[in-house]
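Please find below a colleague's note on the pockets of this entry and on the ligand bound to it. The points are numbered for ease of reply.

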Amino acid sequence: MNIPRHIAIVMDGNGRWAQNQGKKRVKGHEEGAKVVKTITTYCSNHPEIERLTLYAFSTENWKRPRLEVEFLMKLLDDYLKKELPVYLENNVKFEAIGDISAFSKKLQKTIAMVEQKTAHCNGLVQSLALNYGSRDEIVRAAKKLQQQNIEITQESFNDALDASMDVDLLIRTGGDFRLSNFLMWQAAYAELFFIKKLWPDFSTNDLESIIAQFQGIERRFGGLK
Ligand code: IPE
Ligand code: IPE
Ligand code: MG
């Protein structure tokens with residue numbers, strides 16, 4: 001069966017989920033973190049899925065109120081520390097994409113620690129997009145090639161990106177039909193699924209149903225059947 005090797009998700013709708021229940025927006029982020037765990041574990045049990053890239057914080061999310069940004073930073077730090085044994089148990093390798101140099105030294109250290117401790121894992125790669133934006137990634141890649149005096153080809157450019165694997169299946173929860181600066185290069189031939197459900201309500205059943213639909217799609221990549 002044709003299973004997506006690389007799944008990418010725009011985990012949107014946490015704030016609305018909380019507000020719908022009369023709770024503070026940040027409660028939605030906490031709930032969303034639980035779903036990250038569930039979906040990662042599901043993917044790690046399906047060896048055909050090689051990589052799961054999750055959009056956790058965009059280069060534009062700094063525009064949010066300071067308290068929400070601070071909460072998200074703390075949640076991420078706590079999440080990574082708490083999940084380390086779960087990553088190891090499930091043979092999941094953790095990677096961050098994005099420009100994490102903008103984060104506090106403490107958070108950068110936690111990210112590096114979890115990357116290092118899971119570096120030997122050879123199951124699923126869970127890649128969290130942190131201070132990530134496609135435009136920023138593309139500009140950083142171009143600068144890298146320029147500095148190293150490497151000829152620009154599609155291959156060299158692809159390799160210079162934070163994330164070099166094409167996305168097969170891109171999902172966005174939360175009801176909006178946009179990419180919000182996520183994996184614009186890598187999603188060139190991705191199958192796109194925009195669903196209404198808010199991220200904290202997303203379940204493994206939803207993912208299974210999307211994968212089933214994905215399997216019915218004829219991917220032509222510009223060729224003919
Ligand atoms: C996505 O949920 C999580 C992050 C951007 C960190 P939102 O916080 O964007 O939730 P909504 O879209 O406002 O409901
Ligand atoms: C995209 O969601 C970013 C993440 C899920 C981390 P946003 O809520 O930031 O996107 P917009 O502002 O609705 O486009
Ligand atoms: Mg949103």
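The points below take the ligand first, then the pockets.

1. Status of the model. The structure is a predicted model, and the remarks that follow should be read on that footing.

2. Surroundings of the ligand. Ligand 1 is surrounded by a shell that includes the run M11, D12, G13, N14, G15 and R16. R25, H29, A56, N61, R64 and L72 also belong to the residues around ligand 1. By class, this shell holds five polar, four charged and three nonpolar residues.

3. Polar contacts and burial. Side-chain N or O atoms of two arginines approach oxygen atoms of ligand 1: the distance is 2.7 Å for R64 and 2.9 Å for R25. A polar backbone atom of N14 lies 3.1 Å from an oxygen atom of ligand 1. Ligand 1 taken alone exposes 380 Å², of which the protein buries 87%.

4. Position of the ligand. Which pocket corresponds to the space taken by ligand 1? That space is the largest pocket. Two elements, helix 1 (14–20) and helix 2 (25–44), give two or more residues to the shell around ligand 1. Helix 1 provides the largest share of that shell, with three residues.

5. Extent and centre of the largest pocket. The largest pocket holds about 690 Å³ of space. It is lined by 30 residues, and the closest to its centre are M11, Y55, A56, F57 and N61. Of these names, M11, A56 and N61 also appear among the residues that surround ligand 1.

6. Lining of the largest pocket. At least two lining residues come from each of helix 1, helix 2, strand 2 (51–58), helix 3 (66–89) and strand 4 (125–132). The lining of the largest pocket divides into 16 nonpolar, eight polar and six charged residues. For the shell around ligand 1, the corresponding division is three nonpolar, five polar and four charged.

7. The second largest pocket. How much space lies in the second largest pocket? The second largest pocket contains about 250 Å³. Its lining comprises 14 residues, and Q154, N158, D166, W185 and A188 are the closest to its centre. Six nonpolar, three polar and five charged residues make up the lining of this second largest pocket.

Methods
Residues are numbered from 1 along each chain as its sequence is written. Chains are lettered from A and ligands numbered from 1 in the order in which they are written. This is a predicted model: local features need pLDDT of at least 70, side-chain atom pairs count only at pLDDT 80 or more; totals for chains, interfaces and linings use all residues. Side-chain values use heavy atoms; hydrogens and water are left out. A residue is near a molecule or strand if one of its heavy atoms lies within 4 Å of it. A polar contact is a pair of N or O atoms within 3.5 Å; within protein, one must be able to donate a hydrogen and the other to accept it, and residues adjacent in sequence count only if both atoms are side-chain atoms. Accessible areas come from the Shrake-Rupley method with a 1.4 Å probe; for residues, only the protein chains shown count as cover. On a 1 Å grid over the protein atoms alone, a cavity is a set of points where a 1.4 Å probe fits but cannot get out, and a pocket is an open set with protein on both sides within 12 Å along at least five of seven lines; lining residues have an atom within 4 Å of a point. A molecule sits in a cavity or pocket if more than half of its atoms lie within 2 Å of its grid points. Helices (H or I, at least four residues) and strands (E, at least two) are DSSP runs, numbered from the N terminus. Ala, Val, Leu, Ile, Met, Phe, Trp, Tyr, Cys and Pro count as nonpolar, Asp, Glu, Lys and Arg as charged, and the others, Gly among them, as polar. Grid points are joined across faces, edges and corners, and a volume is the space filled by probe spheres set on the points.
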